[in-house]
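Student: I have a model open in front of me and would like to learn how to read its features. Could we go through it together?
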Amino acid sequence: MRIAMIGTGYVGLVSGACFADFGHDVTCVDKDEKKIAALHRGEIPIYEPGLDELVATNVKAKRLDFTTDLSKPVADADAVFIAVGTPSRRGDGHADLSYVYAAAKEIAQSLSGFTVVVTKSTVPVGTGDEVERIIRETNPNADVVVASNPEFLREGAAIRDFKFPDRVVVGTSDERARKVMGDIYRPLSLNQAPLMFTARRTAEMIKYAANAFLATKITFINEIADLSEKVGANVQEVARGIGLDNRIGTKFLHAGPGFGGSCFPKDTKALIKIAQDYDVSLRIVESVLAVNENRKRAMARKVSQALGGSLRGKTIAVLGLTFKPDTDDMRDAPSIPLVTGLIDMGAKVKAFDPVGMEQAKSELPSITYCEDAYSCAQGADALVVVTEWVQFRGLDLDRLKSVMAQPVVVDLRNIYSPEDMHAAGFTYESVGRPSSQA
């Protein structure tokens, strides 16, 4: 199959490279000339494990190419995927669809023969209708079907998620489009790919509902963690105890500093706005968003309490800046309100992240960036674990203690056991578990 992927951001580049690896001919299109030039040089603009090798392999096999001009790739394509950004619109929280609509108009001008135009970007319910209207208005003679195919990729595990999906949701009622999409995804399985065909609006709704539900699970366990601290329970054991119930499941029940990233904050906010437009109240989702935002800032107060209630003149070492491990994504990362909160309380902040420091510098320009975890901890009054990178899970505790001004660790990801930290001589605070005093 011949595929044009409009947009070379996270979703577009990963999807395009994976489709090419399935054996399809894929051309990724982006208006950013510098990004396309970098991709031609083999430079990947995002950090995603295994993506550089996947791109290089398929470029070498001539199944994957990059261009700034969509006219020929669209004219030749069996399917055109729209994978441009849909950020929160400034001022009201709605998804900004200007890039989607601009792409639809430009695609329409180059369509030739029967083509399926697929929205892969996360878009509000009804966006496919508007994309179809734009295409038919721009090119009334186009033989086109507009479908929805939301992505469910986790940053840091995107390639595996794409190649071994729980389900592939396709929103279309057109038989020709169903065949094209079936052929595109057929390499997923020797028998039958896990395709779920629905109406287009249902597919759009599935994406938002999925992200809102996962965000709700995270916020739920975070609130249970707060209560666990007060009553003397262990939230990790609570999470395991409820997660072993198959109706609940263990995933996304890890207490921490709150969710961030490119999807959950933006999509929960957009879902609330969609509901308001239809005069529907989503009070659970509204609470999830409000609780999560308050939680991020509250983590700075947790650090302050670990040091007796004052951070004035103290040095705080922060390990991990990206919103999760195995990505360089700083969008809505919990580290941002945490660090700004620490600074507002009078602390001096040092930080280390294995891959996210360049991206972090524009968000957090006034802190000191270090070359490794131990130089970050040097002279610190407290060390805060914010992102659970695997590099932080086996630190030499004796060495860590020897370089710190005070042996205080605030572990916002519960990667260490209180017993081990106490035995190593640390004052240790975690999330939803009993404190440990050295």
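Tutor: Gladly! Let's start with a single residue: Arg-154 sits in the loop between β6 (144–148) and α7 (158–163). Keep in mind as we go that this is a predicted model.

Student: Which residues does the UniProt annotation "binding site" cover?

Tutor: Arg-154 is one of them, and the unreviewed entry puts Phe-152, Leu-153 and Glu-155 beside it in the list. The rest of the set is Lys-207, Phe-252, Leu-253, His-254, Ala-255, Gly-256, Gly-260 and Lys-324. These positions span 173 residues of sequence and are spread in space as well, with up to 23.9 Å between C-alpha atoms. From this set, Lys-207 also takes part in the lining of the largest cavity.

Student: What lines that cavity, and how much space lies in it?

Tutor: About 40 Å³ lies inside the largest cavity, and the structure holds one cavity of 30 Å³ or more. Lys-207 shares the lining with Thr-119, Ser-121, Thr-122, Val-123, Ser-148, Pro-150, Ala-203 and Glu-204. By character, the lining divides into three nonpolar, four polar and two charged residues. Helix α9 gives the largest share, three residues.

Student: Where is the residue that UniProt lists as "active site"?

Tutor: The unreviewed entry names Cys-263, and you will find Cys-263 in the loop between α10 (235–243) and α11 (264–277). To read its surroundings, set aside the neighbours within four places in sequence; Cys-263 is then in contact with Glu-151, Asn-211 and Thr-268.

Student: Now to the pockets. Which elements give two or more residues to the lining of the second largest pocket?

Tutor: Let's take the pocket itself before its walls. The second largest pocket has a volume of about 470 Å³ and a lining of 19 residues, with Asp-226, Glu-229, Met-299, Lys-302 and Gln-305 lying nearest its centre. As for your question, the elements are α9 (200–231) and α12 (283–306). The largest share, nine residues, belongs to α12. Sorted by character, the lining has nine charged, six nonpolar and four polar residues.

Student: Helix α12 touches a sheet too, I think. How should I read a sheet in general?

Tutor: The general idea is that strands of a sheet pair through backbone hydrogen bonds, and the pairing is either parallel or antiparallel. Here, six strands make an open sheet with parallel pairing, in the order β11-β10-β9-β12-β13-β14. The edges are β11 (368–369) and β14 (427–429); each has a single partner strand, so one side of each is left without a neighbour in the sheet.

Student: How many bridges join β13 to β14?

Tutor: Three bridges link β14 with strand β13 (residues 408–411), and the two run parallel. For an example to look up, Val-409 has Tyr-428 in β14 as its bridge partner. Your helix comes in here: α12 packs on the sheet, where it touches β9 (315–319), β12 (382–385), β13 and β14. The direction of α12 makes about 155 degrees with that of β13.

Student: And which domain does UniProt place at residues 317–418?

Tutor: The unreviewed entry gives "domain: UDP-glucose/GDP-mannose dehydrogenase C-terminal" for that span. In the model, residues 317–418 are 29% helix and 18% strand, and the end C-alpha atoms lie 19 Å apart.

Technical notes. Residues numbered from 1 in each chain as written. Predicted model: local features only at pLDDT ≥ 70, side-chain atom pairs only at ≥ 80, totals over all residues. Heavy atoms only, no water. 1 Å grid on protein atoms, 1.4 Å probe; cavity = no way out; pocket = protein on both sides within 12 Å on 5 of 7 lines; lining within 4 Å. Points joined across faces, edges and corners; volume = space filled by probe spheres on them. Helix = DSSP H or I, 4+ residues; strand = E, 2+ residues; numbered from the N terminus. Nonpolar A, V, L, I, M, F, W, Y, C, P; charged D, E, K, R; others polar. Pairing = 2+ DSSP bridges. Contact = heavy atoms within 4.5 Å. Axes fitted to C-alpha atoms, helices over the stretch in contact; angles between N-to-C directions. UniProt positions renumbered as here; feature names shortened; annotations may be inferred.
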